[in-house]
Amino acid sequence: MPRVLSCIQPTGSVHLGNYLGALVNWVSGQHDGDVFHGIVDLHALTVIDTPGLIGTQTLELAALLFACGLDPDVATVFVQSHIHEHTELAWIMECTVSFGELSRMTQFKDKSARREAEFVSAGLFTYPALQAADILLYDADEVPVGDDQRQHIEITRDIAVRFNHRFGDTFILPKAVHPKAGARVMDLQDPTSKMSKSATSDSGLVYLLDDNASISRKFKRAVTDSDSEVKYDIANKPGISNLLDILSASTGKPVGELVSQYSQYGALKSDTGDAVIAVVEPIRTRFQELMQDKGELARLLSIGNERARNVAAVTLQRAHNAIGLLPRI
Ligand code: TYM
């Protein structure tokens, strides 16, 4: 059974990109591997500085992950800041990655440029070292993520190779796994940019907890083009291609089959909205039920934390031994 690990930040509401790009695969893959899923609250610190916010968002995200179908008896769902091994290994990772490698990360360049008038923390720059620690601590073979995380998994592999070369075989080299449809869900108002929590406006983002009327409205107002041919062509028809991808990922039907069913943009937009509603409505209902019992949610997280801690502690010790740090006295 492969060891699978993937994580998500509690930086606000979960959107359709997170769901179709990552969470669907987490849920469908939970019986095919030994799976670990982290709520990475320390990563969220790179962009959130409001007191009291991250904890609440962490609990809500846990409820949403269970509502999406992660089974706490099968999947290990944990909170990053509760497992101190993450930050300890992150320092070792920082000493194994170069300034040049971190400077080439497109996510850092994008995010720091967007925050030009705001505080840009050193954590935003060293973020990939913490992400490498998240992955390598669990000896992950596979990391199911959306397309935007490709570079982060590549740098994790580079760090692991360098560490293993310096100190002897210690870490497993992970491989990114991307879904066939939904790996890159684009903003409905700007279909050349990925759907992202850091977008300047919410109008092109569909959240899992949006009500049905808002979801329909957002799809009806999706930006397309002045032509009227339904065709899958990302370069020339990014809006239509995005709708076809979302419809395909939500219904399981291949894009090729869907293209031939539509001759008008209006029908494609409303059917895509309906297909998304059919997917998210039951999740929203289950989320609301789970949020009624916060004690139970905390109990489920404590079980996940303990399982995660047991694995992480062994790997960190292995890294210490490989480096030859003086054993604890
Ligand atoms: P985050 O929290 O931004 O996103 C969580 C997951 O959602 C995917 N995703 C998308 N997929 C398709 N289309 C989109 N528009 C879209 N937007 C987001 C992401 O690819 C991701 O799989 N750095 C990570 C969190 C992280 C992590 C890790 C992931 C920290 N440590 C270890 C995997 C393994 C992030 O910011 O994801």
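Start by selecting Arg115 and Glu118: their side chains meet in a salt bridge, 3.9 Å from N to O. This is a predicted model. The cut-off for a salt bridge here is 4 Å.

Color the two partners by accessibility. Is Arg115 buried or exposed? Arg115 is buried, with a relative accessible area of 15%. Glu118 is partly exposed, at 48%.

**Next stop: Lys194 and Asp148**

Select Lys194 and Asp148. Their side chains form a salt bridge of 2.8 Å, N to O. Now trace the chain on each side. Lys194 sits in the loop between strand S5 (175–177) and helix H9 (212–220). Asp148 sits in the loop between strand S4 (142–144) and helix H8 (150–167). The two parts are 46 residues apart in sequence, so this pair ties them together. Lys194 is partly exposed, with a relative accessible area of 27%. Asp148 is also partly exposed, at 30%.

**Then: Asp225 and Lys237**

Move on to Asp225 and Lys237. Their side chains meet in a salt bridge, 3.3 Å from N to O. Asp225 and Lys237 both lie in the loop between H9 and H10, 12 residues apart. Which of the two counts as buried, and which as partly exposed? Lys237 counts as buried, at 5% relative accessibility. Asp225 counts as partly exposed, at 24%.

Add Asp227 to the selection. Salt bridges with shared partners join Asp225, Asp227 and Lys237 into one network. To see every such pair, show the full set: the count comes to 12 salt bridges.

**Last stop: helices H10 and H12**

Select residues 238–251 for helix H10 and residues 265–290 for helix H12. Two packed helices are described by the angle and the distance between their axes. How do the axes of H10 and H12 cross, and within what distance do they come? They come within 9 Å and cross at roughly 35°. The crossing of H10 past H12 is left-handed.

Show the side chains at the contact. Pick these residues:

- On H10: Ile240, Leu243, Leu244, Ile246, Leu247, Ser250 and Thr251.
- On H12: Tyr265, Leu268, Lys269, Asp271, Thr272, Ala275, Val276 and Val279.

Color this contact by residue class. What does the contact of H10 with H12 have, by class? There are 10 nonpolar, three polar and two charged residues. Among the nonpolar ones are Leu243 and Leu247 in H10 and Val276 and Val279 in H12. The charged ones are Lys269 and Asp271, in H12.

Key:
Residues are numbered from 1 along each chain as its sequence is written. This is a predicted model: local features need pLDDT of at least 70, side-chain atom pairs count only at pLDDT 80 or more; totals for chains, interfaces and linings use all residues. Side-chain values use heavy atoms; hydrogens and water are left out. Axes are lines fitted to C-alpha atoms, for helices over the stretch in contact, and angles run from 0 to 180 degrees between N-to-C directions. Helices (H or I, at least four residues) and strands (E, at least two) are DSSP runs, numbered from the N terminus. A crossing is left-handed if the near helix is turned anticlockwise from the far one by less than a right angle, and right-handed if clockwise. Contact means heavy atoms within 4.5 Å. Buried means under 20% relative accessible area, exposed over 50%, partly exposed in between (1.4 Å probe, protein chains only).
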